[in-house]
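Dear colleague,

I am passing on the structure we spoke about, and below it I have set down what was found in it. Please read the notes with the coordinates open beside you.

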Amino acid sequence: MSEARISPSLLSADPINIVAGAKSMKEAGADMLHLDVMDGSFVPNLTFGPQCASRLHQEGILPLDIHLMVKCLDWAVPAFLPYAEYLTVHVEATDHLHRVLQTIRSAGKKAGVALNPATSPEFLPYVLPLVDMVLVMTVNPGFGGQSFIPEMLPKVRRVKDMVRESGLSVSIEVDGGVTGQNAHLLREAGADILVSGSYLFGSPNAREAINFLRRGTI
Ligand code: DX5
Ligand code: ZN
């Protein structure tokens, strides 16, 4: 089993000192920073805007893994694209996923597609050539600190099989309730990138916690 990349969720950082939270995760060995953008409509919570993404990008701490939980992609995709390494949209938010992914790719950025817990992955083969990352939500999007939904493990395995069958290079990211208790199961199932908010930011030793998520030892 290969080591996972770790993307700490800034949703769990101090909201009035996000740059400090981001720097602490870089020092602890994180690979990128997960920025949860919520619009108060697609999900019942409101978080970061493009100004915040711009500021983090300007700091150049780590590449930004931007997770759009918003309905209005016509606005949000161009607003966040300049700051993203990965820009991920929810399949449930658009009737035109293929076109949105084309837009992200044609800007030279890595495109991600996120699936809510109740969403089947069977549409994926039709868009995989335009995708760099599939984000399997392992909680309902909207809040940090929720419990991992174990029924998502077979979905991660199914997505892994689909990626293998495609022969394409597509990463699988999981997001929600990821802790030291379930990280090994997720890596075994095929997850390449683990997002973690409350577990990492609540840990007394973030470096050890990141290592433990990444490879099962500190
Ligand atoms: C939830 C967000 C997650 C969240 C994860 O909608 O997409 O990125 O911050 O937080 P934890 O790891 O606490 O479940
Ligand atoms: Zn997220």
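Which residues are the protein donors of the zinc ion (ligand 2)? Before the reply, please keep in mind that this is a predicted model, and that the values below are computed from it.

The zinc site

The protein donors of the zinc ion (ligand 2) are His34 through NE2, Asp36 through OD, His67 through ND1 and Asp175 through OD, and they lie 2.0 to 2.3 Å from the ion. Around the zinc ion (ligand 2) there are 6 donor atoms, and because the angles they subtend run from 70 to 168°, the arrangement is octahedral. Written as a sequence pattern, the spacing of the donor residues is H-x1-D-x30-H-x107-D. Distant parts of the chain are linked in this way by one pair of donors, with Asp36 in strand E2 (residues 33–38) and His67 in strand E3 (residues 64–69), 31 residues apart. Asp36 is buried, its relative accessible area being 4%, and His67 is likewise buried, at 0% relative accessibility.

His67 also appears among the contacts of Thr88, a residue that touches Ile66, His67, Leu68, Gly112, Val113, Ala114, Met133 and Leu135 when residues up to four places away in sequence are not counted. Thr88 itself is found in strand E4 (residues 86–90) and counts as buried, with 1% relative accessibility.

The sheet

In what order do the 8 strands of the open sheet lie? The order is E1-E8-E7-E6-E5-E4-E3-E2, and the pairing is parallel. E1 and E2 are the edge strands, each of them pairing on one side only, and neighbouring strands of this sheet are turned against each other by 25° on average, if direction is ignored.

Starting from the E1 edge, E1 pairs in the parallel sense with strand E8 (residues 193–196) over 4 bridges, and Arg5 has Ile193 of E8 as its bridge partner. E8 is covered on both faces, since Ile193 and Val195 on one side and Leu194 and Ser196 on the other are all buried. E8 also pairs with E7, again in the parallel sense, over 3 bridges, and here Glu173 stands opposite Ile193.

Is strand E7 (residues 171–175) largely enclosed or largely open? It is largely enclosed by the rest of the structure, because 5 of its 5 residues are buried. Ser171, Glu173 and Asp175 point one way from E7, whereas Ile172 and Val174 point the other way, and all of these are buried. Strand E6 (residues 133–137) runs parallel to E7 and is joined to it by 5 bridges; Met137 has Asp175 as its bridge partner in E7, and Asp175 is also one of the zinc donors.

Beyond E7, Gly176 lies in the loop that leads to helix H6 (183–189), and at 9% relative accessibility Gly176 counts as buried. Leaving out residues up to four places away in sequence, Gly176 touches Thr138, Val139 and Phe148. The C-alpha atoms of Gly176 and Asn140 are separated by 7.8 Å, although the two residues are 36 places apart along the chain.

The helices

Which residues of helix H1 (residues 18–27) are buried? They are Ile18, Val19, Gly21, Ala22 and Met25, and because they cover an arc of only 160° around the axis, they lie on the same side of H1. An α-helix has 3.6 residues a turn, so residues three or four places apart point the same way. The buried residues of H1 pack against strands E1 (5–8) and E2 and against helices H2 (50–59), H7 (198–201) and H8 (206–215). After H1 comes Gly29, which has a positive phi, near 105°.

In helix H2 you will find Ala53, which is buried, with a relative accessible area of 0%. Apart from its neighbours within four places in sequence, Ala53 is in contact with Leu35, Leu64, Ile66, Phe80 and Tyr83; of these, Ile66 is touched by Thr88 as well. Ala53 and Gln181, by contrast, are 31 Å apart from C-alpha to C-alpha, with their positions 128 residues apart in sequence as the spacing is counted.

With best regards

Key
Residues numbered from 1 in each chain as written. Chains lettered and ligands numbered in written order. Predicted model: local features only at pLDDT ≥ 70, side-chain atom pairs only at ≥ 80, totals over all residues. Heavy atoms only, no water. Donors = N, O, S within 2.8 Å, 3.2 Å for Na, K, Ca; no water. Tetrahedral: all angles 85-135°; square planar, octahedral: opposite > 155°, others 65-115°. Helix = DSSP H or I, 4+ residues; strand = E, 2+ residues; numbered from the N terminus. Buried < 20%, exposed > 50% of the residue type's maximum accessible area, 1.4 Å probe, protein only. Contact = heavy atoms within 4.5 Å. Arc of directions from axis to C-beta. Pairing = 2+ DSSP bridges. Axes fitted to C-alpha atoms, helices over the stretch in contact; angles between N-to-C directions.
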